[in-house]
Amino acid sequence: MNTGRIGVLLVNLGTPDGTDVPAIRRYLREFLSDRRVIEVPKVIWWFILNLFIVTFRSPKTARAYAKIWRKESDESPLRYYTRQQGEALAARFAGEGNVIVDWAMRYGKPSIPAQLTALKDAGAERILVFPLYPQYSATTTATVVDKVADTLREMRWQPTLRFVPPYHDDPAYIDALAASVRAAGLGSASDGTVLLASFHGLPQAYFDKGDPYHCHCHKTAGLLRESLGLGPDGLRLSFQSRFGPKAWLQPYTDVTLEELAAAGHTSVAVMTPGFASDCVETLEEISIEGRATFMAAGGKDFHMLPCLNDTTEHVDMLETITRRELSGWL
């Protein structure tokens, strides 16, 4: 029996296995059935989800994924970059033979239960789970903790677990974001281009109940402004991906893009600091749909900054945080 090893598990949100409607339906059903994500009475939501959302939203979502799908490897960008991050981080620990690095998806494959079990079978008696969500929310980070707990509940011999805390204000994270802005030729010398940080949205009701996500996003934006030497208007913040009729965190990204163009700002650059990897929300919703919204409102130049993805700066950050959280284990 293998024993005495340390596991590190990177966890991202999830992805469908393909762009066909059945694959999208499976993914949406799993994702939107999570009680942390949708806080609607279970019986009512079952009918809404299965009779309306999965039926009518799946074709539209399938078309969105088809626009950004990586045909060369037949997978979504989210899966591709998460795997690249896992492999790059594993290479950083290659000289320390007792550390195993792997990756998983909260929804879809490879699943958290499968990867935790694989790490345990490979001898990992201690496992550090790294949710790739810089800003904490019950709809993201907490669902990872829930799924890990569900998995451990089925194990007779459980490994010892640690979780990486939210890193929205971690200097290594802010430095990596700032480096990505400078690499795009923006920042204090942005030459009139408005820099917009678009974070995934959250229902206003969740914030009202005490979810700290809104505060974490503003903290990230504030620290990034300081790092880049920008004033309050030098980097603006907005929230995307709202869904349904109820109020979500504001200002909304699509409305902000329209307002910027209407106010005479002809050049905008959008970054998405809350996403560790490019995905349908960044590549389709912002880079394609957001661009169209800005241009239709009178904008001239639209720039989309890539997520941190598998850049050296991002892997440096992952290693820095991982080594710190493994303190006492290594």
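**Strands, sheet and a pocket in the predicted model**

Leu196 has Val270 of strand β7 as its bridge partner. That pairing comes from a predicted model, and it makes a handy way into the part of the fold around β7. Strand β5, residues 194–200, runs parallel to β7, and 4 bridges hook the two up. Strand β8, residues 301–304, is also joined to β7 by 4 bridges, again in a parallel arrangement. Here Val268 sits opposite Phe302 of β8.

As for how covered β7 is, the strand spans residues 267–271, and 5 of its 5 residues come out as buried. Ser267, Ala269 and Met271 point one way from the strand, while Val268 and Val270 point the other way. Both sets are buried, so the label applies whichever way a residue points, with buried taken as under 20% relative accessible area. Val270, the partner of Leu196, and Val268, the one facing Phe302, thus point the same way from β7.

Next up is an open sheet of 4 strands, in the order β2-β1-β3-β4 with parallel pairing. Its edges are β2 (99–107) and β4 (160–163), each of which pairs on one side only. On average, neighbouring strands in this sheet are turned by 25° against each other, ignoring direction. At the β4 end, strand β3 (residues 124–131) runs parallel to β4 and is tied to that strand by 4 bridges. Within this pair, Leu128 stands across from Arg162 of β4.

Helices pack against this sheet too. Helix α4, residues 112–121, touches β1, β2 and β3, and its direction makes about 165° with that of β2. Helix α1, residues 21–32, lies across β1 (5–14) and β2, and runs at about 95° to β2.

Then there is the empty space. Rolling a probe the size of a water molecule over the atoms shows where such space is left. The second largest pocket holds about 180 Å³. Helix α6, residues 171–183, supplies the largest share of its lining, with 4 residues. The full lining reads Ala176, Ala179, Ser180, Ala183, Ala184, Leu305, Pro306, Cys307, Leu308, Thr311 and Glu313. By type, that works out at 8 nonpolar, 2 polar and 1 charged.

Key. Residues are numbered from 1 along each chain as its sequence is written. This is a predicted model: local features need pLDDT of at least 70, side-chain atom pairs count only at pLDDT 80 or more; totals for chains, interfaces and linings use all residues. Side-chain values use heavy atoms; hydrogens and water are left out. Buried means under 20% relative accessible area, exposed over 50%, partly exposed in between (1.4 Å probe, protein chains only). Two strands pair if DSSP finds at least two bridges between them. On a 1 Å grid over the protein atoms alone, a cavity is a set of points where a 1.4 Å probe fits but cannot get out, and a pocket is an open set with protein on both sides within 12 Å along at least five of seven lines; lining residues have an atom within 4 Å of a point. Grid points are joined across faces, edges and corners, and a volume is the space filled by probe spheres set on the points. Ala, Val, Leu, Ile, Met, Phe, Trp, Tyr, Cys and Pro count as nonpolar, Asp, Glu, Lys and Arg as charged, and the others, Gly among them, as polar. Axes are lines fitted to C-alpha atoms, for helices over the stretch in contact, and angles run from 0 to 180 degrees between N-to-C directions. Contact means heavy atoms within 4.5 Å.
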